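The following exercises concern the structure shown below. Each task is followed by a solution that proceeds step by step.

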Amino acid sequence: AALAASEGGVVPDDLVAACREHALPLFRVPADVAFATVTEVVVRQLSSARTSDLKAVLDRHQRLVESTGPGGIGPLLDLVGTELGMDCWIMAASGRVLAGPDGLPDPESLAHEFLTARRLPHFAPGYGISMFPVDSDSAARVVDWFVAVRSDWQTWHSERLALAEQLCSIVALE
């Protein structure tokens, strides 16, 4: 977000002070520059940034899909673990670990957290693990699988969250 302003070619001092106080970028736009021109330049810049982000997401998705070959879901979790820099597991709502590294603490209690969470994704602070449903649109939670990731999803940036969602989609297909 930013503010573009000009009053007769000058930006008022109180506006400069308010923007500085709130850390809002401010730039002066000459009166003869149409708002549509400013909008067009901003949209063009955002569009190229989004295209770059989308390409990264699609490239990552392709690598994820390619990793679910004959070895099953294990290599996929290895790749995601490398991408995210943290352990992740595929689990059944019963608490059975379907795939993932050794060392998941108390899978049955974690499954209980998944089943009783008010909302998904859910972070279980006692375990330091976030849970994502694999197929929340068409499966009841008691028969759904879930992805458990050793991290708090609420602190993630959008790319990391998108990767976790892609993982759930690929596991649903698997």
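**Exercise 1.** Determine why β7 is largely enclosed by the rest of the structure, and identify the strands that pair with β7.

*Solution.* Step 1. Of the 5 residues of β7, 4 are buried, so this strand is largely enclosed by the rest of the structure. Buried means under 20% relative accessible area, exposed over 50% and partly exposed in between, with a 1.4 Å probe and protein chains only. Strands (E, at least two residues) and helices (H or I, at least four) are DSSP runs, numbered from the N terminus. The model is predicted, so that local features need pLDDT of at least 70 and side-chain atom pairs count only at pLDDT 80 or more, while totals for chains, interfaces and linings use all residues. Residues are numbered from 1 along each chain as its sequence is written, and side-chain values use heavy atoms, with hydrogens and water left out.

Step 2. β3 and β7 pair in the antiparallel sense over 5 bridges; two strands pair if DSSP finds at least two bridges between them. W145 in β7 is the bridge partner of A92.

Step 3. β6 and β7 also run antiparallel, joined by 4 bridges. Here V147 in β7 is the bridge partner of F132.

**Exercise 2.** Describe the largest nonpolar core and state which element gives the largest share of this core.

*Solution.* Step 1. A nonpolar core is a set of buried Ala, Val, Leu, Ile, Met, Phe, Trp, Tyr and Cys residues joined through side-chain atoms within 4.5 Å. The largest one has 20 residues, of which V147, V149 and L167 touch the most other members.

Step 2. Two or more residues of this core come from each of α3 (73-84), β3 (88-92), β7 (145-149) and α5 (158-173). The largest share, 6 residues, is that of α5.

Step 3. Neighbours within four places in sequence aside, L167 is in contact (heavy atoms within 4.5 Å) with L76, L77, V80, C88 and V147. Another core, of 12 residues, lies apart from the largest one and includes L110, A124, I129 and F146.

**Exercise 3.** Characterise the lining of the largest pocket and that of the second largest pocket by element and by class.

*Solution.* Step 1. On a 1 Å grid over the protein atoms alone, a pocket is an open set of points where a 1.4 Å probe fits, with protein on both sides within 12 Å along at least five of seven lines; lining residues have an atom within 4 Å of a point. Grid points are joined across faces, edges and corners, and a volume is the space filled by probe spheres set on the points.

Step 2. The largest pocket has a volume of about 240 Å³. It is lined by 12 residues, and A4, F27, F35, V38 and V42 are the closest to its centre. Two or more lining residues come from each of β1 (3-5) and α2 (35-66), with α2 giving the largest share, 5 residues.

Step 3. The class count for this lining is 11 nonpolar, 1 polar and no charged residues. Ala, Val, Leu, Ile, Met, Phe, Trp, Tyr, Cys and Pro count as nonpolar, Asp, Glu, Lys and Arg as charged, and the others, Gly among them, as polar.

Step 4. The second largest pocket holds about 160 Å³ of space. Its lining includes P121, F132, D135, L161 and E165. β6 (129-133) and α5 each give two or more residues to this lining, and the largest share, 5 residues, comes from α5. By class, this lining has 7 nonpolar, 2 polar and 3 charged residues.
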